[in-house]
Amino acid sequence: MTLSHAPFTEALDEEAARLHESAAWQELIASCPTTAAPGLHPGPTPVPGPDPVTPDRGTDAPREEWRALLSVPVAELVARAARALPAPDPAAASPLPGRIGAVLPDRLYGWRRAGSAEVLPSVHLAYARRVLVDWGWQNRPYRMRNLRGARCLCGALLTAHRLGQGSLDTANRSAAWLMTELHARGWRDLIGPWNRAPGRTADEALELLDAATARARHAGE
């Protein structure tokens, strides 16, 4: 499922819910080597190293280990390789505009998307976190910004896209990872209602982004 136009934040939330409920997404979640416990960051799964060569196995050991890899699904091999990569560093991306830039319409930054390379959802989520840290979080959902330029969770995802960090499809998959993390914690509604729940804090929003980022990386995304 791909967002083919510049959506509003509520459209992103609803489309992410449809993606999350799709058979393809549920298969992706089921194919992850391990499932994170609700509320916890999924840590990297250790990759088994080669068994020590014993006298009775001799030089056949490397051959047996090579044959064992043939039974490992390709998706698992890709996920192992992805988990071995360093965590994405949003600080290495183009800096955010200053505080005045936070309140300006995002369409003014369309030039940032010109020629920008696609990024993984985990990188996109990390950049959305940077948007919330630098520009602020606000608990009114489905608004791109308040008067101070602060964003809700969905607004931060769309802002990251509009600043050149990933396509609309990437933003949709990032939102689906947020929803996956929320479902693991027992939340069955959309992202927006979670964002505006009484007593919600910016720290909780950032922690949710961190956990969803870890889940996406764990799945090779």
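What follows is a short question-and-answer tour of a predicted model.

Visitor: What is the average confidence of this model?
Guide: The protein averages a pLDDT of 74. Of the residues, 57% score at least 70. Over residues 1-6 the pLDDT is below 50, and this stretch has 16 contacts in the model beyond near neighbours in sequence. Residues 82-88 also stay under 50. For them the model has 14 contacts beyond four places in sequence.

Visitor: How many disulfides does a search of the whole structure find?
Guide: Zero.

Visitor: Why is there no bond at cysteine 152?
Guide: The closest cysteine sulfur is in cysteine 154, 5.6 Å away. A disulfide needs the two sulfur atoms within 2.5 Å. The sulfur of cysteine 152 is therefore too far from its closest partner for a bond. Seen from cysteine 154, the closest cysteine sulfur is that of cysteine 152, again at 5.6 Å and too far.

Visitor: Are these cysteines buried or exposed, and how do you know?
Guide: Buried means under 20% relative accessible area. Cysteine 152 has 2%, so cysteine 152 is buried. Cysteine 154 has 1%, so cysteine 154 counts as buried too.

Visitor: What makes you call helix α7 mostly covered?
Guide: Helix α7 spans residues 153-162, and ten of its ten residues are buried. Among them are Leu153, Cys154, Gly155, His161 and Arg162.

Visitor: What covers the buried residues of α7?
Guide: The cover includes α1 (9-21), α6 (121-135), α8 (168-184), α9 (191-195) and α10 (202-218).

Visitor: Which residue just after α7 takes a positive phi?
Guide: Glycine 164 does, with a phi of about 100 degrees.

Visitor: Why is leucine 125 called buried?
Guide: Leucine 125 is found in helix α6. The cut-off for buried is under 20%. Leucine 125 has 0% relative accessibility, so leucine 125 counts as buried.

Visitor: Which residues does leucine 125 touch, beyond four places away in sequence?
Guide: Leucine 125 touches Leu157, Ser174, Trp177, Leu178, Leu209, Ala212, Thr213 and Ala216. Leucine 125 and alanine 216 are 91 residues apart in sequence. In space they are 9.0 Å apart, C-alpha to C-alpha.

Visitor: How do you know that arginine 200 lies over the face of tryptophan 194?
Guide: A charge over a ring must have CZ of Arg within 6 Å of the ring centre and within 35 degrees of the ring normal. Arginine 200 is at 3.8 Å from the ring centre, and it lies over the face.

Definitions and conventions. Residues numbered from 1 in each chain as written. Predicted model: local features only at pLDDT ≥ 70, side-chain atom pairs only at ≥ 80, totals over all residues. Heavy atoms only, no water. Buried < 20%, exposed > 50% of the residue type's maximum accessible area, 1.4 Å probe, protein only. Helix = DSSP H or I, 4+ residues; strand = E, 2+ residues; numbered from the N terminus. Contact = heavy atoms within 4.5 Å. pLDDT = per-residue confidence, 0-100.
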